[in-house]
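Visitor: I have a model to look at and some terms to learn. Can you take me through them one by one?
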Amino acid sequence: MWRIVLFGALASALGGSAALAQETVKIGMVLPLTGGQASVGKQIQAAAKLYMEKNGPTVAGKKLHLMIRDDATSPDNSKRLAQELIVKDKVGVIVSGLTPSALAIGPLSTQSKTANVVVVSGTSRVINPGEPYMVRTSFTLGQQAQVIAEWAAKNGSRKVVIIQSDWAPGNEASAVFTDQFKNAGGEVADTIKVPFQNPDFSPFLERARGLNPDSLFVFVPAGQAGTFARQFSERGLDKAGIKLIGTGDVTDDDDLPGMGDAILGAVTAGMYSALHDSPLNKQYVADFKKTYGFRPNFISVGGWDGMHLIYEALKKTGGKTDGDELVGAMKGMRWESPRGPLSIDAQTRDIVQNIYIRRVERVGGELYNVEFATVEAVKDPLKK
Ligand code: PHB
């Protein structure tokens, strides 16, 4: 009897700390919570925390510990913070945000074989064969630019001027749009690049108007749509009869409520609208607004689905965070998101999702992206 009790006490004394360590899975998230792209960090953090609240903190018998770090929108900080999270804190999964940040963190996740879930970046090459532990739950600009180019060509646009934010995702949006629009017989009269930091769109809008296009294709990143819409209206482009088209970023649900009538009628191709008609999305929007007091936008669902992917992959591996096992479990996974059905391409590790064509309308007194057509299961066109 005594021997059994003693043996039990000894075993738990020896194994106790190791067992305790194994009971936690740390998730390290590097986000722009301050600086130029702070609205992006705000949306991702809100969605990730909401997911954990709704689904509980325990998966496959492990307690999840979310460690959020602010990179202040600087990729040098992202790299340093990710290094600390991987080496010192020994996180089981890393979550990365904006394109420059995801590019800086990529090699660290490869060297350490740590699963890296990219929840914001929209640049195709961030997910590539050389970084085998990276998986995307956000979107690519190509997915959306391709769809809106085709729609515009079929719906009366002949001469387009492009205004794009001058960095990687903007360049991809322009390249894919131009390719597709020209193939459909359209003309791109000019591609005007606007600085990424603190942009003033006014002089560029003047130049665009001077070229007399029938449509303006715009890419601005989340957080800049409000400024763009104000300057678009101040310069009178809405009254000049120029149609506004774009990827979903320019009619961001985060900024849309404050945009005013100049944005009415803008048609964009995007992966998420707060008005998306499904029971899951209605619940998501209601919970999100109740908890935070603002609308979830297209950035938020990258965070929500990033957490979903981590939860489901951990269930499959029985809580193990070995990079090969975890990423293996993520490949080919499919689920329903507040944005609609989506999957992770088993070959490329990139996201496959519906792209919706939407028009800005007033619904119940508020501006929304009203979806009116769907292109199903769209892959990143730059990876075909
Ligand atoms: C990106 O980091 O690639 C990014 C961020 C915000 C956007 C689009 C792309 O709206």
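Guide: Start with a definition. Buried means under 20% relative accessible area, exposed means over 50%, and partly exposed lies in between. Keep in mind that this is a predicted model.

Visitor: Why is Y292 called partly exposed?

Guide: Y292 has a relative accessible area of 26%. Partly exposed covers the range between under 20% and over 50%. Therefore Y292 counts as partly exposed.

Visitor: What about F294 and F288: buried or partly exposed?

Guide: F294 has a relative accessible area of 22%, so F294 is partly exposed. F288 has 0%. Buried means under 20%, so F288 is buried.

Visitor: How many aromatic pairs does a search of the whole structure find?

Guide: The search finds 15. One of them joins F288 and F294.

Visitor: What makes the pair of F288 and F294 edge-to-face?

Guide: A pair of aromatic rings is described by the distance of the centres and the angle of the planes. Rings pair if their centres lie within 6.5 Å. For F288 and F294 the centres are 5.6 Å apart, so the rings pair. Their planes stand at 75 degrees. Over 60 counts as edge-to-face, so the name fits.

Visitor: Why is the pair of Y292 and F294 called tilted?

Guide: Their centres are 6.0 Å apart, with 35 degrees between the planes. Stacked needs under 30 degrees and edge-to-face needs over 60. The angle of 35 degrees meets neither cut-off, so the pair is tilted.

Visitor: Which residues do ring pairs link into a cluster?

Guide: The cluster holds Y51, Y272, Y284, F288, Y292, F294, W304 and Y311.

Visitor: Now the ligand. How many residues surround the ligand?

Guide: There are 15, and the closest are L98, T99, G122, A222 and D249. By class, the shell has 10 nonpolar, 4 polar and 1 charged residues.

Visitor: How do you know that D249 makes a polar contact with the ligand?

Guide: A polar side-chain atom of D249 lies 2.5 Å from a ligand oxygen atom. The cut-off is within 3.5 Å, so this pair counts as a polar contact. Taken alone the ligand exposes 280 Å², and the protein buries 100% of that.

Notes. Residues numbered from 1 in each chain as written. Predicted model: local features only at pLDDT ≥ 70, side-chain atom pairs only at ≥ 80, totals over all residues. Heavy atoms only, no water. Near = heavy atom within 4 Å. Polar contact = N/O pair within 3.5 Å; in protein donor to acceptor, adjacent residues only side chain to side chain. Areas by Shrake-Rupley, 256 points an atom, 1.4 Å probe, with all protein chains shown as cover. Nonpolar A, V, L, I, M, F, W, Y, C, P; charged D, E, K, R; others polar. Buried < 20%, exposed > 50% of the residue type's maximum accessible area, 1.4 Å probe, protein only.
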